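Visitor: Please take me on a close look at one part of this chain, beginning at a single acidic side chain and following the contacts outward from there. I should like to see how the local details relate to the chain as a whole.

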Amino acid sequence: SATERSFTAEVPRHTDILPTYDKLTAVLSAHQDLGANLTVYGDALLGQTLLWRKTTSGPTTVEYGKVRTEGSNLHGGLRYTFGDWRAELSGTLSSQVLWRRALVQSPPRAGYRLGDIGLKNTQDVSSVDFNLDGRLFDLPGGPVKLAVGGGHREETFASVLPYSTAA
């Protein structure tokens with residue numbers, strides 16, 4: 001039985017081994033030619049994940065360790081071709097948020113009161129890129145090409161413990 005195994009001996013009976021898990025995801029993609037040389041495109045990925053565990057001790061069932069993550073990733077750009085050359089401007093916005101609730105049942109070390117505590121982590125990324133490439137001239141061994149580009153990226157991260165009782 002499960003209680004005879006050393007790694008499960010301390011687990012309360014009727015405890016979830018695998019947590020309850022729900023995931024919702026949406027993917028959108030678009031591509032449109034705006035003439036012979038100009039194309040606009042975009043992609044979006046949206047998602048949400050819910051995860052929680054339950055434990056039963058006697059007649060009482062307790063849910064703990066609730067986690068919710070939400071994410072959104074958006075990418076879009078313009079592509080322009082002229083002769084053998086191609087120019088592209090693109091950008092990306094991404095945001096990930098994690099909410100976690102936990103049940104503190106023993107004396108806390110970080111100034112939390114007993115009961116529910118929460119944590120919120122937020123990560124945001126934004127970037128913009130420009131690329132230009134094409135053929136300069138031909139040599140007997142083949143064409144000589146040039147590619148140049150540049151980009152800028154910003155990232156932020158924040159972690160908030162909204163249920164802390166520490167001063």
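Guide: With neighbours within four places in sequence set aside, Asp33 is in contact with Leu38 and Thr39. The model is a predicted one, and what follows should be read in that light. Asp33 belongs to strand S1, which covers residues 20-33. The contact with Thr39 has a polar component, since a polar contact of 2.9 Å joins the side chains of Asp33 and Thr39. With a relative accessible area of 44%, Asp33 is partly exposed, because that class lies between the limits of 20% and 50%. A further reference point is Arg79, 46 residues away from Asp33 in sequence, with a C-alpha to C-alpha distance of 9.4 Å.

Arg79 leads on to Glu88, a residue of strand S4. Glu88 touches Arg79 and, beyond four places in sequence, also Tyr41, Leu78, Asp129, Phe130 and Asn131. The side chain of Glu88 makes a polar contact with the side chain of Tyr41, at 2.4 Å. Glu88 has a relative accessibility of 14% and therefore counts as buried, the limit for that class being under 20%.

Ser90 is another residue of strand S4. Its relative accessible area is 11%, so Ser90 is buried. Beyond four places in sequence, the contacts of Ser90 are Tyr41, His75, Gly76, Gly77, Ser127, Val128 and Asp129. Tyr41 and Asp129 thus appear in the list for Ser90 and in the list for Glu88.

Further along strand S4, which spans residues 85-104, lies Gln96. Gln96 has a relative accessible area of 33% and is partly exposed. Leaving out residues up to four places away, Gln96 touches Glu70, Gly71, Ser72 and Asn73, together with Asn121, Thr122 and Gln123. Asn121 is 25 residues from Gln96 along the chain, and their C-alpha atoms are separated by 8.1 Å.

Ionic pairs come next. The search of the whole structure finds 6 salt bridges. One of them is formed by the side chains of Asp84 and Arg135, at 2.5 Å from N to O. Asp84 lies in the loop between S3 and S4 and Arg135 in strand S5, so this pair ties together parts that are 51 residues apart in sequence. Asp84 is partly exposed at 45% relative accessibility, and Arg135 is partly exposed at 32%. Asp133 forms a salt bridge with Arg86, with the closest N and O atoms 3.2 Å apart. This pair links distant parts of the chain, as Asp133 is in strand S5 and Arg86 in strand S4, 47 residues apart. Asp133 counts as partly exposed at 25% relative accessibility, and Arg86 counts as partly exposed at 34%.

A further salt bridge joins Arg153 and Glu155, whose closest N and O atoms are 2.7 Å apart. Salt bridges that share partners also join Asp84, Arg135 and Asp138 into one network. As for the two residues of the Arg153 pair, Arg153 counts as exposed at 54% relative accessibility, while Glu155 is partly exposed at 49%.

Strand S5 also contributes to the nonpolar surface. Leu136, Phe137, Leu139, Leu146 and Val148 form a nonpolar patch with about 440 Å² of accessible area together. Strand S5 (115-139) and strand S6 (142-160) are the elements that give two or more residues to this patch. S5 gives the most, with 3 residues. Leu136 has its place in strand S5 and counts as partly exposed, at 45% relative accessibility.

These details can now be set against the whole chain. The protein chain comes to 0 helices and 6 strands, in the pattern β-β-β-β-β-β along the sequence. Among contacts with a separation of 6 or more, 57% are between residues 24 or more positions apart. Of the 167 residues, 17% count as buried, Glu88 and Ser90 among them. The chain exposes about 12000 Å², of which carbon and sulfur atoms supply 57%.

Finally, on confidence, the mean pLDDT of the chain is 81, and 68% of its residues reach 70 or more. Confidence is lowest in strand S3 (residues 60-82), at a mean of 84, and highest in S6, at 95.

Key:
Residues are numbered from 1 along each chain as its sequence is written. This is a predicted model: local features need pLDDT of at least 70, side-chain atom pairs count only at pLDDT 80 or more; totals for chains, interfaces and linings use all residues. Side-chain values use heavy atoms; hydrogens and water are left out. Helices (H or I, at least four residues) and strands (E, at least two) are DSSP runs, numbered from the N terminus. Buried means under 20% relative accessible area, exposed over 50%, partly exposed in between (1.4 Å probe, protein chains only). Contact means heavy atoms within 4.5 Å. Accessible areas come from the Shrake-Rupley method with a 1.4 Å probe; for residues, only the protein chains shown count as cover. Patches are made of residues with over 30% relative accessible area and no salt bridge: like charges are joined within 9 Å, nonpolar side chains (Val, Leu, Ile, Met, Phe, Trp, Tyr) within 5 Å. A salt bridge is a side-chain nitrogen of Lys or Arg within 4 Å of a carboxyl oxygen of Asp or Glu. pLDDT is the predictor's confidence in each residue, from 0 to 100. A polar contact is a pair of N or O atoms within 3.5 Å; within protein, one must be able to donate a hydrogen and the other to accept it, and residues adjacent in sequence count only if both atoms are side-chain atoms.
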